[in-house]
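Biologist: I have not worked with this one before. Can you walk me through it?

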Amino acid sequence: MLRGIGIGLGVLVALLVVAGVGVYVASSMRLNKTYQIADEQIAIPADAASLERGKYLVTTIGQCVDCHGENLAGREFLNAPGIVRAVSANLTRGKGGIGATFTDADWVRAIRHGVTPEG
């Protein structure tokens with residue numbers, strides 16, 4: 001009887017290991033996938049009305065400030081010690097911000113498709 005229980009537990013452990021490896025491989029493939037998205041050239045207005053509309057979209061509709069902070073300089077928005085720590089990107093043109101390196105096409109790709117310049 002003990003032998004049967006041992007075999008059953010061994011099979012269960014083996015199945016769990018195989019399932020864990022399968023989940024790891026599948027998630028790694030998805031995380032490392034790159035996308036080739038053609039650059040979209042759009043006219044970006046800089047008039048006062050457009051800037052006010054953009055501020056409205058960032059703070060209300062898109063809720064970008066929830067993760068990136070009031071000034072979009074990034075912030076830690078989730079911290080469960082030992083489990084997860086999530087810090088959002090600094091979107092400004094200041095020190096450490098990606099705004100200084102992103103082109104207009106990079107912003108369009110990131111906002112519309114959620115893809116970095118590297119794919």
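**A buried aspartate and other points**

Modeller: Asp106 is buried, with a relative accessible area of 10%. Bear in mind that this is a predicted model.

Biologist: Where is the place of Asp106?

Modeller: Asp106 sits in helix α4.

Biologist: Which backbone nitrogen lies 3.0 Å from a polar atom of the Asp106 side chain?

Modeller: That of Thr103. Leaving aside neighbours within four places in sequence, Asp106 is in contact with Thr101 and Pro117.

Biologist: Moving on to Asn90. Where is its place?

Modeller: Asn90 is in the loop between β2 (84-87) and α4 (104-113).

Biologist: Is Asn90 buried or exposed?

Modeller: Asn90 is buried, because its relative accessible area is 15% and the cut-off for buried is under 20%.

Biologist: What is Asn90 in contact with, leaving aside neighbours within four places in sequence?

Modeller: Leu72, Ala73, Gly74, Lys95, Gly96, Gly97 and Ile98. As for Lys95, its backbone oxygen lies 3.4 Å from a polar atom of the Asn90 side chain.

Biologist: New topic: how many disulfides does a search of the whole structure find?

Modeller: Zero.

Biologist: Why is there no bond from the sulfur of Cys64?

Modeller: The closest cysteine sulfur to that of Cys64 is in Cys67, and there is no bond because the two are 8.6 Å apart, too far for one. A disulfide needs the sulfur atoms within 2.5 Å.

Biologist: And what is the relative accessibility of Cys64?

Modeller: It is 29%, so Cys64 counts as partly exposed. Cys67 is also partly exposed, with a relative accessible area of 31%.

Biologist: Now pockets. What volume does the largest pocket have?

Modeller: About 1,200 Å³. The largest pocket is lined by 25 residues, and the closest to its centre are Ile44, Gly54, Val58, Trp107 and Ile111.

Biologist: Which elements give two or more residues to that lining?

Modeller: Those are α2 (48-61) and α4. The largest share, seven residues, comes from α2.

Biologist: Last one. What does UniProt list for residues 6-26?

Modeller: The UniProt entry, which is unreviewed, lists residues 6-26 as "transmembrane region".

Biologist: How far apart are the end C-alpha atoms of residues 6-26 in the model?

Modeller: They lie 30 Å apart. The span is 100% helix and 0% strand.

Notes
Residues are numbered from 1 along each chain as its sequence is written. This is a predicted model: local features need pLDDT of at least 70, side-chain atom pairs count only at pLDDT 80 or more; totals for chains, interfaces and linings use all residues. Side-chain values use heavy atoms; hydrogens and water are left out. UniProt positions are given in the numbering used here, feature names are shortened, and annotations may be inferred rather than shown by experiment. Helices (H or I, at least four residues) and strands (E, at least two) are DSSP runs, numbered from the N terminus. Buried means under 20% relative accessible area, exposed over 50%, partly exposed in between (1.4 Å probe, protein chains only). A polar contact is a pair of N or O atoms within 3.5 Å; within protein, one must be able to donate a hydrogen and the other to accept it, and residues adjacent in sequence count only if both atoms are side-chain atoms. Contact means heavy atoms within 4.5 Å. On a 1 Å grid over the protein atoms alone, a cavity is a set of points where a 1.4 Å probe fits but cannot get out, and a pocket is an open set with protein on both sides within 12 Å along at least five of seven lines; lining residues have an atom within 4 Å of a point. Grid points are joined across faces, edges and corners, and a volume is the space filled by probe spheres set on the points.
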